[in-house]
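Biologist: I would like to go through this complex with you, beginning with the surface near the DNA. Could you bring it up?
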Number of protein chains: 2
Amino acid sequence: MKSTIYDVAHKAGVSIATVSKVINQTGRISDKTRKLVTAVMKEMGYEPSMIASAMTRKSTLTIGVLIPDLSNPFFASLARSIEDRGHHLGYNIMICSTDYDPDKELKYITLLKRKSVDGIILVSGFEQTKMIADLISQGMPTVVVAREIPSLEVDTVSIDNFLGGFQAAKHLLSLGHKKTAVITRDLWSNRERVRGFKQALQEEGIELEQDIKYATDSSLENGRELACQLLESPDRPTAIFACDDPLAIGAVVAAREFGLSVPDQLSVIGFDDTIWAKVCFPPLTTIAQPLYDIGSAGMDLLVQEIKGQKSNKQRIILLPKLVIRESTMQI
Amino acid sequence: MKSTIYDVAHKAGVSIATVSKVINQTGRISDKTRKLVTAVMKEMGYEPSMIASAMTRKSTLTIGVLIPDLSNPFFASLARSIEDRGHHLGYNIMICSTDYDPDKELKYITLLKRKSVDGIILVSGFEQTKMIADLISQGMPTVVVAREIPSLEVDTVSIDNFLGGFQAAKHLLSLGHKKTAVITRDLWSNRERVRGFKQALQEEGIELEQDIKYATDSSLENGRELACQLLESPDRPTAIFACDDPLAIGAVVAAREFGLSVPDQLSVIGFDDTIWAKVCFPPLTTIAQPLYDIGSAGMDLLVQEIKGQKSNKQRIILLPKLVIRESTMQI
DNA sequence: ATGAAAGCGCTAACAC
DNA sequence: GTGTTAGCGCTTTCAT
């Protein structure tokens, strides 16, 4: 049987209050008894039960993380940075993959509330913002990461997607590309990316006509298909901006099928700078998100909120960065 | 303030025992009161505290997962399958990335014990098996996944690495390759892979001489370096077996630098079939691990152990599978 | 400097 | 069918 604070107290010949104090380093304990109790605890292999302490202290030191899909490298990296920063601050994380499914989102939120997590980090997803609003109104410390919710007063960490799209276009323009196309998925963040992309073109007097293709999911296959549609046009683009890396790689594959060399005959630029971008061939020019900082900042924000060190909500906007590799080239 | 079972009982005009019974669907409750209580709970937005129930029931319905690195796609996928199966069975998971660091491993195990997780899944890592032995002797339900521990009586789910290596060699042999080389990292699983590889060669009377290169970590860069060493030899191999995908991709990159085309002039075969294998160019022939089944089986085993439905430990060995893509070719 | 005792929110006997 | 009550292992006043 696991030993309890009573066992320790008994064996050390002191009260449980005393043991509790040496565990938590609170109150005043003589050096002598502290050493005694510490020794006894070690000897018995005693580990204080955090669930019992959570009962009284009202803090579990665990954070719930709702994330679309842990097996997606982008989210996995984000989760890792959240985890790291959390552990650094004394928190464990409980990860729940939602697959962008509102039912799962709700189910997990309920579960996390029952488990009395100290706070929740919402990563991406959440097309229904009502759930978030409810959470907050119930007093659950909540931070939204990698997703902007303009209409809600909530702590947020995200990147400037508009700027990212803008940078992508600027890069292509600087290489002399005039005829560009876009492959995207209709998500909030991507809409901003496309908006930024268009903006940069417009500043040069270039219009992006109908050359926007919409993917239904973020997959290499989907990217390939849409890129094929773009490439079979007689007036095909010389450069493609894909709103995430898998779609971009799909475009590269499509080019290969059309006998077009990337980057010589077609430039491709992605977004996110996930593991894919480094490993594919040619290595992908892409817009990098500072993933580690995003997760870290999100956790910091949450912990401040939990500890009540912060009376105002805030939005932290980090900046994306162009990473030039080998999939883009002077025309 | 969050409402408690007392609030509900009071408002419904019943005792807390009754409320508890309707929550857990135990005992006998008249239809009428059940409906009444249910209504009141909903009205108050009451969520039973699992931490309070964990106190008495002695089960937190959470599982600790120790894993080397969540940001590695291989582990992330594994984690996802563990998570999925866990949720299916009513458990949440608490993920801890250990970076193969024994100190972290120990620290997290201690933490998980304090948090009273119902069981622990150990993924890979754990060069010190003593920690595992201790865990088990303390009665913590424990399952080891993606790692074999021949000397320990512990539930295990792993793959037949020997067979995987064997399959890799057979494939290369069938393509007519006689002069092969290996890039590996000195881990238990890889030793088996190499052993299987050699075995298949020997059966054809071929010896693998000194052509085994050892990487210090599993990275594209490391694979590239070692492959370069192999390729600059006048008597260079016609095929390379790398013990994981990143190393294999490194080899592909090296070949490119030497002006050798893959697969025409050099065949490369990897191991694991991670996301990398599908996305690189050329797509990698590799030995696939049934990741989803591994995680799933691990969780099943653990839950059986927790529920005491199983008196004997077992080892589940799943079989790897050759996936032929475009990085290998008839000589 | 140390201890006694009252909870924290819930479950599970057991009584009615 | 429903209620009473004794814990679960710990923290935290409040005495001493």
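Biologist: How do the residues of the surface near DNA strand D divide into nonpolar, polar and charged?

Modeller: There are 12 nonpolar, 13 polar and three charged residues. Ala, Val, Leu, Ile, Met, Phe, Trp, Tyr, Cys and Pro count as nonpolar, Asp, Glu, Lys and Arg as charged, and the others, Gly among them, as polar. Please note that this is a predicted model, in which local features need pLDDT of at least 70 and side-chain atom pairs count only at pLDDT 80 or more, while totals for chains, interfaces and linings use all residues. Residues are numbered from 1 along each chain as its sequence is written, with chains lettered from A and ligands numbered from 1 in the order in which they are written.

Biologist: Which residues come nearest to strand D?

Modeller: I5(A), S20(A), A52(A), A17(B) and M55(B), out of 28 residues around that strand; a residue is near if its C-beta atom, placed from the backbone, lies within 6 Å of the molecule or strand. Two or more residues each come from α2 (16-24) and α4 (50-57) of chain A and from α2 (16-24) and α4 (50-57) of chain B. Helices (H or I, at least four residues) and strands (E, at least two) are DSSP runs, numbered from the N terminus.

Biologist: Which element gives the largest share there?

Modeller: α2(A), with six residues.

Biologist: And which residues come nearest to DNA strand C?

Modeller: Of 27 residues around DNA strand C, the nearest are A17(A), R28(A), I5(B), S20(B) and A52(B). Again α2 and α4 of chain A and α2 and α4 of chain B give two or more residues. The surface near DNA strand C has 12 nonpolar, 13 polar and two charged residues.

Biologist: By what turn can chain A be laid on chain B?

Modeller: A turn of 180 degrees with a shift of 0.1 Å along the axis, giving an RMSD of 0.1 Å; copies are superposed by least squares on the C-alpha atoms of residues with pLDDT of at least 70 in both. That is the relation of a two-fold axis.

Biologist: Changing topic, is strand β9 of chain B buried or exposed?

Modeller: Six of the six residues of β9(B) (residues 267-272) are buried, so the strand is largely enclosed by the rest of the structure. A residue is buried if 20 or more other C-beta atoms lie within 10 Å of its own, exposed if 12 or fewer, and partly exposed in between, with C-beta atoms placed from the backbone.

Biologist: How many bridges join β9(B) to strand β10 of chain B?

Modeller: Four, and β9(B) and β10(B) (residues 285-288) run parallel.

Key:
Pairing = 2+ DSSP bridges.
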